[in-house]
Amino acid sequence: MQVISANDIAIRARNVTLTLGTADAPTEILKGIDLDIECGASVAILGPSGSGKSSLMAILSGLEQASGGEVVVTGISYRGLSEDALARARRGRIGIVLQSFHLLPTMTALENVAVPLELAGVAAAFARAESELEAVGLGHRIAHYPAQLSGGEQQRVAIARAVAGRPEIVFADEPTGNLDGATSGAIIDLLFARQAAAGATLLIITHDPALAGRCDRILEMQDGRIVADRAA
């Protein structure tokens, strides 16, 4: 495990476990994860399907509670927090980009970015949302609904939404999984550019070694454990 000064740690996990199923038939998903991630770093978590990558992201981002161990993100311990408290911990600190975009179909691109900002109490939410959409090359598509956008355009909206709140950490789970090769390259360039502009920590879940190689650091997972930790 890489050792980092405590003042520079964005994410710290200690002996994190996740067990699903019933007491009679438990399934261990994560089996004692220890991890420190430095502020401002780009980190890829690489591994085959079923290795626990997305489950680890869900726990580190506060979308799911660990079964055991301790997670501290941006100085906040997740231990014992309710779903509502986890949602408050994410707000303004964490941005998330998912493979399936998760845009609201009844909202325009502008509304998909602006409404979460409004809910977080950001002033001039629509102006900031428009600025972020322009930054991802969609200034001319702000009034379009998700069904009127290509897959690459929808993912651009999702990236704008993730970074518009100026989060300290951006999580991306297979962000190019539903896109063709040429579009995937453009989206990854954009994701790294927006990370750099925001000065955020970036954690990318992927099965693509080429994408992982663009990060500062690569973690490899297998069977619910981190089995390798190296510089890219």
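**Group meeting: the sheet and the cores**

The sheet in this predicted model is open and has four strands, in the order E2-E1-E4-E5, with antiparallel pairing. Strand E2, residues 26–38, and strand E5, residues 76–77, stand at the edges; each has a single partner strand, so one side of each is left without a neighbour in the sheet.

Look at the E5 edge. E5 pairs with strand E4, residues 68–73, in the antiparallel sense, over two bridges. Val72 is the residue opposite Ser77 of E5.

Next, the helix on this sheet. Helix H1, residues 53–60, lies across strand E1, which is 9–21, and across E2 and E4. The angle between H1 and E2 is about 60°.

Now the cores. In soluble globular proteins, nonpolar side chains tend to be buried together. Here the largest nonpolar core has 39 residues. Those with the most contacts inside this core are Val97, Val113, Leu133, Val157, Phe192 and Ile204. Two or more residues each come from strands E3 (42–46), E7 (169–173) and E8 (201–206), and from helices H3 (109–119), H4 (125–135), H5 (151–164), H6 (181–198) and H7 (209–212). H5 gives the largest share, seven residues.

Which residues does Phe192 contact, leaving aside its neighbours within four places in sequence? They are Ser42, Leu202, Ile204, Leu211, Arg214 and Cys215. Of these, Ile204 is also listed with Phe192 among the residues with the most contacts inside the core.

Apart from the 39-residue core lies another, of 30 residues. Leu30, Val43, Ile45 and Val73 are among its members.

How values were computed
Residues are numbered from 1 along each chain as its sequence is written. This is a predicted model: local features need pLDDT of at least 70, side-chain atom pairs count only at pLDDT 80 or more; totals for chains, interfaces and linings use all residues. Side-chain values use heavy atoms; hydrogens and water are left out. Two strands pair if DSSP finds at least two bridges between them. Contact means heavy atoms within 4.5 Å. Axes are lines fitted to C-alpha atoms, for helices over the stretch in contact, and angles run from 0 to 180 degrees between N-to-C directions. A nonpolar core is a set of buried Ala, Val, Leu, Ile, Met, Phe, Trp, Tyr and Cys residues joined through side-chain atoms within 4.5 Å. Buried means under 20% relative accessible area, exposed over 50%, partly exposed in between (1.4 Å probe, protein chains only).
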